Every structure is written in C-alpha cells, then in structure tokens.
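I opened my notebook to keep track of what I looked up, one entry at a time. Here is the material I worked from.

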Amino acid sequence: MKRQNQSSVVEFILLGFSNFPELQEQLFGVFLAVYLVTLMGNAIIIIIISLEHSLHVPMYLFLQNLSVVDVSFSAVIMPQMLVVLSTEKTSISFVSCFAQMYFLLLFGGTECFLLGVMAYDRFAAICHPLSYPMIMNKSIFMKLVMFSWVSGILVATVQTTWVFSFPFCGPNEINHLFCETPPVLELACADTFLFEIYAFTGTILIVMLPFVLILLSYIRILFAILKMPSTTGRQKAFSTCASHLTSVTLFYGTASMTYIQPKSGYSPETKKVMSLSYSLLTPLLNPLIYSLRNSEMKRSLMKLWRRKVDSHTF
C-alpha cells in the first residue's frame, strides 16, 4: 500500500511566485542577471587561483573550493528557478526533484564545513605564524577539503533519501521555487515528526556547530591581532579576516533563518524570500567580497589582465 501511494505522485508542480504574475517577468530578468554575474565572478576567482602560482597556498585554495561550491549551488537552483518564473506553473519529475534536493544539500553542507575550516586556517596563520607551515601542510589541507566535501555528501544522502522514503499521494504542488526540504516535506502523506527532530538536530550540528567554532577562532584571532605591535600587521590581519567574516555572516545568517525556525513560523512567501537570500546572495557576493577586499587577489587579477593584453599586443 505504501509503494502504491508513493508511486501515485510521479511529478511535482513548483508554484514559484504564481500568486504575483505581474512580478514574474521582472523577477526573471533580475534573477537571470544575478545568475550570469554569479557564474562570471566565481569563474574568475577559480581561473585566477588556478593560473597564479603565488596563490597556491591554503587560504586561496580553500577560496577556490568555495567558488566551485557556489557555482555548483547556483547551477542546481537557478536554471530551474528561471523556468519556474517564465511560466505560471512548472512541473518537475519525482527523480529531478530528488536530484535537486540532493545537490542543494550537498553543496550547502559542504559550504558550511568549508567556511569552518577556512576560519581554522586563519586562526592557525595569525595565532601560530611560526608553526603555520606544519599545522597547515599539504596533507592537512587535503584532509580538511575532503572532510568538507564528504560531510556534504553524507548530509545530502541521509536527508534526501529519508525525505523521499515518505509516501507522496497528493497534492503535488510545492509552494516554492525549487525542491527544498521544508516545502517538499509538507506534501508527505505520513507522520514526519521523527524526521523533523532529526532535521532540526542535524541543522544545529551542521550550521551552528561550525559557526560556534568560527566564533571561537575569531575571538582568539582578535586577541592575537590586538597584541601585534605593528599597525600595518594589524591592518593586514584584519583585512584577511574581514572577507571571510562577511561571508560567514551572510551564509550562516540567511541559512539559519530558513532552516532553524518553527514549522509554521513564516508565510510561504516569506520563506521563499528567505531561501532566495542565501541561494542567490551568497554565491553572488562571495566573489565580490573576496576580490574587492583582498589586495593579493586584485594584484593577481591585474597581473593576468596585463599578461593577456601584452600577448594580444605582440
């Protein structure tokens, strides 16, 4: 009987902002521009770090991984979102919805852990500068990157498999722009109480635990910076940390508002806007935050640009 109910829904309908048809066209244009700028900004960071050997250090290699995550995150969400905005109602197959949720959780979870290990990298560099090459050697760097990606895969596998193990016997309209866990779960024809306890606990561990570790790292970093005798040294240390802190605040703030909330805490439209805040803004702003606030990135960009201009000149 459970299998029969489960197979009765073969596709879902994504409603998007169908309640506001007059906004659909304008939103499509805005989101398309955001998507293109996101792809371009993150691609530039990935290319600069790949080509510039002076940036092949843990700090920038972590940033390169972050840009890969952000590009992938946008690619999972934005094309489907643009399709939803271009029509009143958009159907998405059961399998496609599963895949979208899986990769959304994978890249979201990976970003959580990456931001955490990036804070540890800054802590090691600023608080233990002499032993930093030993603390963050190539082997440790690779293990931390692998840990971030594997953790994202585990989170996505457990949560998505559990969500889609519930029977879906109708209705099949998801009042959202993409297949995110909370709106899909509302359509399940079963008691989801245990899953909700797991999801809340898991979110606390995945989102808040790295955030607390980041907070503790930066408390130690702040004390270390304040003890520095040189004003230039303090400014350089603050500069390297400011970009990461901005990204952390942006990502963790918006993600926690979306996932750590009462089930009926906000209206569906408010939930859509909150989801957009982390799914659009974080991948869009990360390249700007890291490139505009980082003198080394700006120098490398100008260096590669001059090299390209010179090659065309001669």
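Before anything else, a working definition: when I write "contact", I mean heavy atoms within 4.5 Å. I also note at the start that this is a predicted model.

**Entry 1: Phe141**

I began with Phe141, which sits in helix 6. What does Phe141 touch, once its neighbours within four places in sequence are left aside? I found Pro58, Leu61, Phe62, Asn65 and Met136 in contact with it. I then looked up the accessibility of Phe141: its relative accessible area is 8%, and buried means under 20%, so Phe141 is buried. I also checked a partner far along the chain. Met59 is 82 residues from Phe141 in sequence, while their C-alpha atoms are 9.6 Å apart in space.

**Entry 2: the whole chain**

Next I stepped back for an overview. I counted 12 helices and 3 strands in the protein. There are 314 residues, and 49% of them count as buried. I asked for contacts as well: among those with a separation of 6 or more, 80% are between residues 24 or more positions apart.

**Entry 3: the UniProt record**

I pulled the unreviewed UniProt entry, which places the feature "transmembrane region" at residues 27–49, 61–82, 102–120, 140–158, 197–225, 237–255 and 275–292. I compared two of these spans with the model. Residues 61–82 are 100% helix and 0% strand, and the C-alpha atoms at the ends of that span lie 31 Å apart. Residues 102–120 are likewise 100% helix and 0% strand, with 27 Å between the end C-alpha atoms.

**Entry 4: helix 4 against helix 6**

Two packed helices are described by the angle between their axes and the distance between the axes. I looked up both values for helix 4 (residues 94–127) and helix 6 (residues 138–163): the angle is about 145 degrees, and the axes are 7 Å apart. The crossing of helix 4 past helix 6 is right-handed. Which classes of residue make up the contact of helix 4 with helix 6? I noted 16 nonpolar residues, 9 polar ones and no charged ones.

**Entry 5: aromatic pairs**

I searched for ring pairs and got 16 aromatic pairs in the structure. I picked out Phe12 and Phe168, whose ring centres are 5.5 Å apart. Their planes stand at 85 degrees, and over 60 counts as edge-to-face, so that is the label for this pair. Phe12 belongs to strand 1 (residues 11–14), and Phe168 to the loop between helix 6 and strand 3 (173–174), so the pair ties together parts 156 residues apart in sequence. Phe12 and Phe168 are both buried.

My second pick was Trp162 with Tyr198, an aromatic pair that is tilted, at 5.0 Å centre to centre and 35 degrees between the planes. This pair also links distant parts of the chain, with Trp162 in helix 6 and Tyr198 in helix 8 (residues 193–226), 36 residues apart. Are Trp162 and Tyr198 buried or partly exposed? Trp162 has a relative accessible area of 30%, so I listed it as partly exposed. Tyr198 has 24%, and it is partly exposed too.

I closed this entry with a cluster: ring pairs link Phe12, Phe94, Phe98, Phe164 and Phe168.

**Entry 6: Ser74 and Val30**

Ser74 is in helix 3 (residues 58–86). Its relative accessibility is 2%, so Ser74 counts as buried. Neighbours within four places in sequence aside, I found Ser74 in contact with Tyr35, Thr38, Pro79 and Pro283. For Thr38 I also took the spacing: 36 residues from Ser74 in sequence, and 7.7 Å from C-alpha to C-alpha.

My last lookup was Val30, in helix 2 (residues 21–51). At 47% relative accessibility, Val30 is partly exposed. From Val30 to Leu82 the C-alpha distance is 10.0 Å, with their positions 52 residues apart in sequence.

Conventions
Residues are numbered from 1 along each chain as its sequence is written. This is a predicted model: local features need pLDDT of at least 70, side-chain atom pairs count only at pLDDT 80 or more; totals for chains, interfaces and linings use all residues. Side-chain values use heavy atoms; hydrogens and water are left out. Axes are lines fitted to C-alpha atoms, for helices over the stretch in contact, and angles run from 0 to 180 degrees between N-to-C directions. Helices (H or I, at least four residues) and strands (E, at least two) are DSSP runs, numbered from the N terminus. A crossing is left-handed if the near helix is turned anticlockwise from the far one by less than a right angle, and right-handed if clockwise. Ala, Val, Leu, Ile, Met, Phe, Trp, Tyr, Cys and Pro count as nonpolar, Asp, Glu, Lys and Arg as charged, and the others, Gly among them, as polar. UniProt positions are given in the numbering used here, feature names are shortened, and annotations may be inferred rather than shown by experiment. Rings of Phe, Tyr and Trp (its six-membered ring) pair if their centres lie within 6.5 Å; planes under 30 degrees apart count as stacked, over 60 as edge-to-face and the rest as tilted. Buried means under 20% relative accessible area, exposed over 50%, partly exposed in between (1.4 Å probe, protein chains only).
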